Amino acid sequence: MDLITRSVLSAAGAASADPVYVDDVFSTYLYEGTGSTQSINNGIDLAGEGGLVWIKRRESPAADHALFDTNRGVDKVLFSNSTTGSTDFANSLTQFGSSGFTVSSNSTVNSSTLDNASFSFRKALGFFDIVTYTGTGSVQNISHALGSTPGMMLVRCLVGTHDWEVYHRSTGATQSLHINQIDAANSDSTVWNNTTPTSSQFTVGTNNNVNQSGHTYVAYIFAHDDAQFGTGGSESIIKCGSYTGNVSNQVIDLGFEPQWILLKNTSSGASWYLIDSVRGMSDASNGTAWFYPNSNSAENLHDYVQAVPNGFQHKGAGAGPNDSGTFIYMAIRRPHKPPEAATEV
């Protein structure tokens, strides 16, 4: 967060503001489908603050990664593994609540007896923001309210057939990546106009994936290492970085233990990897559960990665997230809110 914004916020809220923890703005929640309306109570205020819910069925038959956000509204979906635009998706996510969300009978998000994972991101300064805008066909700056320089952004045209575009601070504003594809990072000045985003705006070029005249877009904007969370208001809860795969044991030092990680080899064609500690990120054999955001395939089990107190550790040789090449990641800190009652311990 820039110094001016931080000073204004500190002055406005120094006397009364409560600490914000990762528990307040992010949740991984697993649930079994019922085929009928059910409420998912994960403690995230999506109705009051706004945010994104990402749902994925864990088992076969295959199901798309379904993304819903408060800017577009209920029953409107985007698929991370598809080039399809925003789709009316009846009886899917039917309500954003003050403590979670509600799903109805749509089989992609609530098929009877089938297990699902959900990831909820609440809008919050220094963590996450959502912006919608209209393309012009000419280079334009898009304002955002993240309050700090973005570490990663996912942008999707809401109409027609388009790839997602991904910005990551480690690949920079000269590169193009697509979360719906397995392709490597490629130089393309027409996407971000070779312009690094700032704490108040990002720039889109003339590429139709981000700025076709008259088309509407959504941008999911994630922060990097903004240390304003926790009891003392000095902890980071999200980091976006990179490392070199070495096909051997290595620890990626985050400064905290993660609960959720998104990974991609940017040097070659390879899947994206999404893991979390709730589904499993341990040192047991086949103890890590993987989704591939570019694919609708069911959850896979491997033993490539485990969480450690200061980051995540690759567990020796193997393909995937520690193969040869340069990897980018986005990692979110494990829950660390002090318990308020004995039942929370």
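In the predicted model, Cys240 has a relative accessibility of 0% and is therefore classed as buried, the threshold for this class being under 20% relative accessible area. Cys157 is likewise assigned to the buried class, because its relative accessible area is 0%. A disulfide is a covalent bond between the sulfur atoms of two cysteines. A search for such bonds across the whole structure returned zero disulfides.

Burial was also assessed for the chain as a whole. Of the 345 residues in the protein, 54% are buried. The exposed surface of the protein amounts to about 13000 Å², and carbon and sulfur atoms contribute 45% of this area.

With respect to secondary structure, the protein contains six helices and 26 strands. The C-alpha trace extends over about 55 × 50 × 45 Å along its principal axes. The radius of gyration is 19 Å. For a compact globule of 345 residues a value near 20 Å would be expected, so the radius computed for the protein agrees with that of such a globule.

The contacts within the protein were examined by sequence separation. Where the contacting residues lie at least 6 apart in sequence, 64% of the contacts join residues that are at least 24 apart.

The distribution of charge was considered last. The protein carries 17 positive and 30 negative charges. The mean position of the positive charges and that of the negative charges are 1 Å apart.

Conventions. Residues are numbered from 1 along each chain as its sequence is written. This is a predicted model: local features need pLDDT of at least 70, side-chain atom pairs count only at pLDDT 80 or more; totals for chains, interfaces and linings use all residues. Side-chain values use heavy atoms; hydrogens and water are left out. Helices (H or I, at least four residues) and strands (E, at least two) are DSSP runs, numbered from the N terminus. The radius of gyration is taken over C-alpha atoms; the globule rule is 2.2 Å times the number of residues to the power 0.38. Buried means under 20% relative accessible area, exposed over 50%, partly exposed in between (1.4 Å probe, protein chains only). Contact means heavy atoms within 4.5 Å. Accessible areas come from the Shrake-Rupley method with a 1.4 Å probe; for residues, only the protein chains shown count as cover. Lys and Arg count as positive and Asp and Glu as negative; His and the chain ends are not counted. The place of a charge is taken as NZ of Lys, CZ of Arg, CG of Asp or CD of Glu. A disulfide is a pair of cysteine sulfur atoms within 2.5 Å.
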